[in-house]
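Biologist: I would like to go through this model with you. I will ask how each label is earned.

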Amino acid sequence: MNKLMIWYGELITGKKLFKRGLFFLTPGMLWLIFFLVLPGLILVLVSFASRGAYGQLIWEFSLENYKRLLGFGIFGWTPDYILILWRSVWVALVTTVLSVLLSYPLCFYIARKPERTRYLWLTIVIIPFWTNMVIRTYAWFLILAPDMLPAKIAAFFNFIEPGMPLYPSAFAVYLGMVSMFLPFVALPLFSSIERLDWTLVEAAQDLYASNTRVFKHAILPQTLPGLSVGIILTLVPAMGMFVVPDLLGGAKYMLVGNLIQQQFGSSRDWAFGAAISMSLMVLTMYSLYLYKRRNKDINLL
Amino acid sequence: MKGLYLEGINKTYGKIKAVQNISQEIHSGEFFTLLGPSGCGKTTLLRMIAGLELQDSGKIILEGEDITALPAIKRQINTVFQNYALFPHLNVFENVAFGLRSRKIPGPEVDKRVKKTLDMLELGQMSTRYPHQLSGGQNQRVALSRALVNEPKILLLDEPMSALDAKLRAQVQVELRRLQQKLGQTFILVTHDQDEALVVSDRIAVMKDGKIIQFGTPTEVYEYPRNKFVAEFLGTANLIEGTYRNGQFHSDLGIFELEKPPEWEKGLIAIRPEWIKISDTKPEKNAVRAKVTEMIYRGTNLDIWLSPGPIRIRTSTYKDIKLGDEVWLDMAPKEIVVLYE
């Protein structure tokens, strides 16, 4: 430990280096322990407790919360909660797929712009980030209102009754979700597309490749690093999203995020809320695991 | 109608004329080289033949068929790219099979053809490796296999050796020449390396500023350079300025006799360093008395600078010469080349 060594050009002893590392690491580690690891563990414990008559926690070990989540209630089995969980996964998947499909053409368009205007375009993509999420969602209310063009067009084609707004609906939820998460996919994807080696595309063309083959072998592998970051940044938070579905979906489109929020809020059933949170966490981990298994080269963490 | 015909090809980028009115015939089965410094338009011309760049005007005719309007994926022409452009996520076998799979050739035939090509280029053992696991020379052979497996009517090579070290490059040049002769296929090579061009080519076109300024066999181009640029770009040359009158060439170095009278009165003649002989006695014709000012030992030969001039000569290392020696130089009339504009 006390032997002299050269550390990237600096002459130092092992002991000093260890101390220095500890000094830099400790604050971050403490932060993570107190605000992530401990609350997480508490959440696990709470999920096995139960709710008292006044909403307080009763520290008695039971699997009741998980049974309830699976649909076994006092009135027999209902798939309500499982349906909500499944719907959340579905909405997250659709949001991610739509964001990816929209991001590719967007990124190619921006990457082909001359350098001077390119960053202006990127700024336009980022601007929504600077606005509060709730405000952005309320803005959709305005756009989807009965007197605005989208609702009128929808009414004209008999999708909705005339004089009705386009929300709350599944369509409005997707609209809100995609607009929320598009920059999360577009920005990392753009950094990959900007550095794209076009000679691979030319090589594929030279070797008689169809357009799908060009994309699959010359573009996709090169953009995969950015794409996978974008997918993870979208899929994970989209699963637990509650503001957008709450406002734009209302009671018609409840997602697991709303359910959790309800338990910790109005229902005052922390124990059940903790159990749902745990299941969401497991679900997220499992989807990431599946995703990683399918794409072995990708580093998730 | 065999071979490739380029008819009046033009290409401009903004104000830069990359390729100017090039018409050239490339015979079927020949190794043709476009040689020139960077920015001379040789790569642009190659990319237009491949279909990766569109010419402003002109026609490209391959085996009697006008392919001017065909995109790259419909041209029976394949390219070896400068950085090889191998697909990093595919192994050697799949990289080579790429073109065949694109054309939906049945699996067993793909296997057969890829194996045959890989064996021919001694890559049989490498078929399951990925490009990042191979050396530069191996990757270059993979790129070559990937193009050749499609049995193209023309193989284009865009500076394929620029990423190899000097020794390997010399070896690969000879191998490439042998391969082309064995296959009897048309190869078009783009290079800025004059040694490479001389070693591999049947014919060389020397390009400058978007124009072909001389073409011919390596011997023709090297031994009879048409102008100053070609004389200096291929190898080295002693250029002597002077005037031609009364059947003799008069210069600061002396009076020379030429084999063929030039068509100008004032101009340049050239003589390659290795064509000048050192002699102890005064030669009958074209004798120059000079003093050794600098010597560079190169192993296989000795480069000597002499004044006046300076004149460069290249000779075997066994010549017993010291700095400051005064010698007679024999510049025989048949060794002197008359240059034009």
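**Cavities and a contact**

Modeller: Start with helix α1 (residues 42–50) of chain B, which gives the most to the lining of the largest cavity, with three residues. Keep in mind that this is a predicted model.

Biologist: What makes a residue part of the lining of the largest cavity?

Modeller: A lining residue has an atom within 4 Å of a cavity point. B:Leu46, B:Arg47, B:Ala50, B:Leu52, B:Thr79, B:Phe81 and B:Asp158 line the largest cavity, so each of them meets that cut-off.

Biologist: How do you know which classes line the largest cavity?

Modeller: Sort the residues by name. Leu, Ala and Phe count as nonpolar, Asp and Arg as charged, and Thr falls among the others, as polar. The lining therefore has four nonpolar, one polar and two charged residues. The volume of the largest cavity is about 40 Å³.

Biologist: How many cavities of 30 Å³ or more does the structure hold?

Modeller: Three. The second largest has about 40 Å³ of space.

Biologist: What makes the lining of the second largest cavity eight nonpolar and one polar?

Modeller: Its lining residues are B:Leu6, B:Gln24, B:Ile26, B:Phe32, B:Leu34, B:Leu45, B:Ile49, B:Ile188 and B:Ile212. Leu, Ile and Phe are on the nonpolar list, and Gln is not on the nonpolar or charged list. So B:Gln24 is the polar one. No charged residue is in this lining. In chain B, β2 (16–26), β3 (31–35) and α1 each supply at least two of the residues.

Biologist: Now the two chains. Why is the pair B:Arg47 and A:Glu202 called a salt bridge?

Modeller: The rule asks for a side-chain nitrogen of Lys or Arg within 4 Å of a carboxyl oxygen of Asp or Glu. Here the closest N and O atoms are 2.5 Å apart. That is within the cut-off, so the pair is a salt bridge. The rule finds one across the interface of chain B and chain A. On chain B, α1, β6 (77–80) and α2 (92–102) each supply at least two residues of the side that touches chain A. The most come from α2(B), with four residues. By class, this side has 12 nonpolar, eight polar and five charged residues.

Biologist: How many residues does the contact take from each chain?

Modeller: 25 from chain B and 16 from chain A. Each has a heavy atom within 4.5 Å of the other chain, so each counts as in contact.

Biologist: What area do chain B and chain A bury between them?

Modeller: About 1800 Å², with 60% of it on carbon and sulfur atoms.

Conventions
Residues are numbered from 1 along each chain as its sequence is written. Chains are lettered from A and ligands numbered from 1 in the order in which they are written. This is a predicted model: local features need pLDDT of at least 70, side-chain atom pairs count only at pLDDT 80 or more; totals for chains, interfaces and linings use all residues. Side-chain values use heavy atoms; hydrogens and water are left out. On a 1 Å grid over the protein atoms alone, a cavity is a set of points where a 1.4 Å probe fits but cannot get out, and a pocket is an open set with protein on both sides within 12 Å along at least five of seven lines; lining residues have an atom within 4 Å of a point. Grid points are joined across faces, edges and corners, and a volume is the space filled by probe spheres set on the points. Buried area is the accessible area (1.4 Å probe) that two parts lose on being put together, summed over both.
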